[in-house]
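Colleague: Could you take me through the enclosed empty space in this model, with a close look at one part?

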Amino acid sequence: MFKLHLYSSIIFLFAYYSVSIAYDVAIFGATPGGIAAAITAARLASSFSIVIIEPTSYIGGMAAAGGIGLRDLGSEVTIPGSIVQDWVNNNYKYYKNVSHPIYQPDMNISRQSFLDLLSMHSNIQLITDVGPLIDKSIVMNGTRIVQVTTKNGQRVWNASVWIDASYEGDLVRFSGASFTWGRESHDQYNESFAGVRPYTSFSNFIPNYPVNASLDNGTLAPYVSSEKLESVGSADLNMMGYSYRLCLTTTKKKQAPFVKPTNYDPNNFIILQRYINSLIASKQYPQGPPLSKLVDILSYRGYPDGDKFDMCDSAGSAFTSDAININRNYVNGTAEDRLYVAQSVSDYVLGMLWYLLTSPLVPEATRKSIENYGLCNDQWPENSHIPPQLYVREGLRLVNDQVFTQNHVLSGLCRNDTIALGSWRYDIHVVTRTVNGSYVNNEGAIFQEIAHVNGSQSGPVFEIPYSILLPKRNEVTNLLVPVCHAATHVAYSATRVEPHFMLLGGAAGYAAVYSILDGHIDVQVVNINRLQERLLKDGVPLHYPRGHCD
């Protein structure tokens, strides 16, 4: 274990002081999807040179630096034979008397498990802290990416095939591939859940106890947008709120105190206080709501000690840990724009907790419920025990000629180009917080099971095609995209979880190698049957239940 960590450090120095090397496969982003892609590529071609290029000093994305592990797995029947299963099963060896899969371990264990899996392949180089891609630095030869440059050390990277496994999708963005962000209209792909959504009480303020949107001086309160939404079903550029998924614990000896954020202002949380007042006035919580009403406090999935929790947005709360209306300019902005958004989200999440702990306006019952918790003092000590990875629930999304839509997220639908099985629901968090009349209104949330083909025996499972990874062939022909893949806002809400990214990354790694082995062919014409045969050889299911599509 220590050897790999040292090896990674040596490679990190190499990134600054060496000349450029031409790799066979280059993966941008050491996310779970990127790590899975590297492993399958190395497994298939041990003589190939494979590099993972990570902008930050962290690996594992949301599964390690972000605090959620692989908890968002709908059904275990989708992961046999995959890198997902390898990682989950590797975790338990770090705990005493445990033999069950651990989907959400301590995050230092999560990171180490990724390193363990990478260490099995000597032809994978993991190079961290390279900084973001430099805009306009990508060199193309026709439709093929030849080289890119990253900011730190102005390092130049060359590769035959590229995989964009980042949450931001900058390799897609800067290579000339088509992409979008925000919400498609209902009419664009005939999706019933698309576009601006109608009013609902779900994830919203209490109907008979509305919350005034304005301050005493007539201006809108913080975290309320002045944007006027278009008609129901219309397209816009709004996205789900971002967040930080804090690790909480009730075990006193494992606690660190909550942190006062850099730019804390209690006046920013007037809407939160008014919402608390409405919960009291409605008699739902006469003494004040507990923390577990305002946010979801989710037990770490499979965690042996049972005393660590993941703080997540709550669908039952109108003001929660998702920072609404703050992520504009993240997708298409500069590195500085993204740092500003990340800091603003951090100020919001930490500020919400600090307000609940310290404001004299907060009921004693609410404050005492929070005092039961603390940050996990053994997680991210170098970052004040706060996850360093911003939860980018959706960034840009690739656009091709076969975009995956709501109509394709269908249990029981058989495909002939399947490379992975999904098992999540439509999971769209609040998208906008605006004014309805004079009151605050949350809009856009959907939490619903997927549709089924008549007679389907597949449960929550749906099939995901190879085409979801591919740019348009007339744009980029040596790029695969397992994270910011080609799906609509609605469909992406069902595919956007880390286990899916890993399954797609594993398929992308194999496809990248096959495109080289077959004479550097375009990734769009890789033999899908051959790719499927390799996945099936690993034991990865492509249809469920077995024999369902025979």
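Modeller: Happy to; here is a look at the cavities, and above all at the largest one. This is a predicted model, in which local features need pLDDT of at least 70 and side-chain atom pairs count only at pLDDT 80 or more, while totals for chains, interfaces and linings use all residues. Residues are numbered from 1 along each chain as its sequence is written, and side-chain values use heavy atoms, with hydrogens and water left out.

The structure has four cavities of 30 Å³ or more (a cavity is a set of points, on a 1 Å grid over the protein atoms alone, where a 1.4 Å probe fits but cannot get out; lining residues have an atom within 4 Å of a point; points are joined across faces, edges and corners, and a volume is the space filled by probe spheres set on them). The largest cavity holds about 80 Å³ of space. Its lining is made of 14 residues, and S82, I83, G506, L535 and V540 lie nearest the centre. Helix 2 (32–44), helix 12 (498–517) and helix 13 (528–538) are the elements that each give two or more residues to this lining (helices are DSSP runs of H or I, at least four residues, numbered from the N terminus). Helix 12 supplies the largest share, five residues. Sorted by class, the lining has eight nonpolar, four polar and two charged residues (Ala, Val, Leu, Ile, Met, Phe, Trp, Tyr, Cys and Pro count as nonpolar, Asp, Glu, Lys and Arg as charged, and the others, Gly among them, as polar).

For the second largest cavity, the volume is about 70 Å³. Y167, V392, R393, Y492 and F501 lie nearest its centre, among 13 lining residues.

Note on methods. On a 1 Å grid over the protein atoms alone, a cavity is a set of points where a 1.4 Å probe fits but cannot get out, and a pocket is an open set with protein on both sides within 12 Å along at least five of seven lines; lining residues have an atom within 4 Å of a point.
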